[in-house]
Amino acid sequence: MIKMRNYLLLSILTICLFCSAQQAQAHYLWLDPTGQETVQIGDNISIDVYLHADTDDSLVMWGITAGFDNIELTYSSIDFGETVLGQNFYLPTYNSEESTITDIARISLFPGDPLEELTAGEDFLLFTANFTYNGGILDGEDMWLTWNPLADSFEFEPFAIYSLDDLYTAGSGVDFAASAVPVPGAFLLLGSGLLGFIGIKRKTGK
């Protein structure tokens, strides 16, 4: 009975230590640019997604889903940052009905695959999402990171898996709005010339 009780106490202690280790993970994701940005309609725009390392760590794999405002933005492509992680069979896929980009992932799980060594205090570029801006107003975030529990995860050695909730706080995205179109100098000159011509005509008419 005493052995059983000791075994249960040891099991509970192990679980508590594991949970505390999970909560101690303070890596997080962030987007660049953040906040409000003004751009021209038709511009090609890029949004970088970074993983910030709170401590030295080894990244085994990562997978994430990105959502975006499909009225203001048209999806173009995904460019991955420099990484030693393998690509394997993961290819970014655009879901037009849900306006999400899925299978944005890199993974090293096979023997001999290198791991991504992260340095405390540094940012690691996961990927860059490229879009065309269609116009709109400042109405909230235009790109954000979502979480598919069946497909997305961040795994650090030794086999510590974290969800997006542990890594990312919503609200740090970017919001685009159309900037005022500048009037070309030639039109200003033409306009002033026409006004001058009208003024001269009025004088000669008198």
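This is a walk through one chain in the viewer, stop by stop.

Before you start, know that the model is predicted: local features need pLDDT of at least 70, side-chain atom pairs count only at pLDDT 80 or more, and totals for chains, interfaces and linings use all residues. Residues are numbered from 1 along each chain as its sequence is written, and side-chain values use heavy atoms, with hydrogens and water left out.

**The whole chain**

Begin with everything in cartoon. The chain has three helices and 13 strands; these are DSSP runs, numbered from the N terminus, with helices being H or I of at least four residues and strands being E of at least two. Switch to a surface and you are looking at about 12600 Å² of accessible area, 61% of it belonging to carbon and sulfur atoms. Accessible areas come from the Shrake-Rupley method with a 1.4 Å probe, and for residues only the protein chains shown count as cover. Of the 206 residues, 34% are buried. Here buried means under 20% relative accessible area, exposed means over 50%, and partly exposed is in between (1.4 Å probe, protein chains only). Among contacts with a separation of 6 or more, 79% are between residues 24 or more positions apart, a contact being heavy atoms within 4.5 Å.

**Strand β4, one end then the other**

Select 57-68, which is strand β4, and pick out Phe68. Phe68 is buried, at 3% relative accessibility. Now add Asp142: it sits 74 residues away along the chain from Phe68, yet the two C-alpha atoms are 5.3 Å apart. Show what else touches Phe68 beyond four places in sequence, and you will find Leu73, Tyr75, Tyr94 and Phe131 among them, along with Met143 and Trp144.

Stay in strand β4 and move to Leu59, which is buried with a relative accessible area of 0%. Draw a C-alpha to C-alpha distance to Leu115 and it should read 5.8 Å, across 56 residues of sequence. The contacts of Leu59 outside its neighbours within four places include Leu51, Leu85, Leu118, Phe124, Phe154 and Phe156. Glu155 is also one of them, so keep that residue in mind for a later stop.**Strand β7 and the turn into it**

Next, select 100-107 for strand β7 and find Ile101. Ile101 is buried, with 0% relative accessibility. Leaving out neighbours within four places, its contacts include Phe68 from the previous stop, plus Ile64, Tyr75, Ile78, Pro92 and Phe131. Ala129 is 28 residues from Ile101 along the chain, and their C-alpha atoms are 9.3 Å apart.

Two backbone oddities are worth a click here. Most residues other than glycine have a negative phi, and most peptide bonds are trans. Which way does Ser99 go? Its phi is positive, near 55 degrees. Ser99 lies in the loop between β6 (93-95) and β7 and is buried, at 8% relative accessible area. Asp103 also has a positive phi, of about 55 degrees, but Asp103 is in strand β7 itself and is partly exposed, at 31%.

**Two cis prolines**

Jump to Pro33, in the loop between β1 (28-32) and β2 (35-39). The peptide bond joining Asp32 and Pro33 is cis, with omega about 5 degrees. Then go to Pro158, in the loop between β11 and β12. The bond from Glu157 to Pro158 is cis too, with omega about 0 degrees.

**Two glutamates, Glu155 and Glu157**

Step back to Glu157, in that loop between β11 (153-156) and β12 (160-162). Glu157 is partly exposed, with a relative accessible area of 45%. Select Asp56, Glu117, Glu122 and Asp123 along with it, and you have a surface patch of negative charge. A patch is made of residues with over 30% relative accessible area and no salt bridge, like charges being joined within 9 Å and nonpolar side chains (Val, Leu, Ile, Met, Phe, Trp, Tyr) within 5 Å. Asp and Glu count as negative and Lys and Arg as positive, with His and the chain ends not counted; each charge is placed at NZ of Lys, CZ of Arg, CG of Asp or CD of Glu.

Last stop: Glu155, in strand β11. Is Glu155 buried or exposed? Glu155 is buried, and it has no salt bridge, meaning a side-chain nitrogen of Lys or Arg within 4 Å of a carboxyl oxygen of Asp or Glu. The nearest side chain of opposite charge is Arg106, 15 Å away. Show the residues touching Glu155 beyond four places in sequence: Ser58, Leu59, Val60, Met61, Leu109, Ala160 and Ile161.
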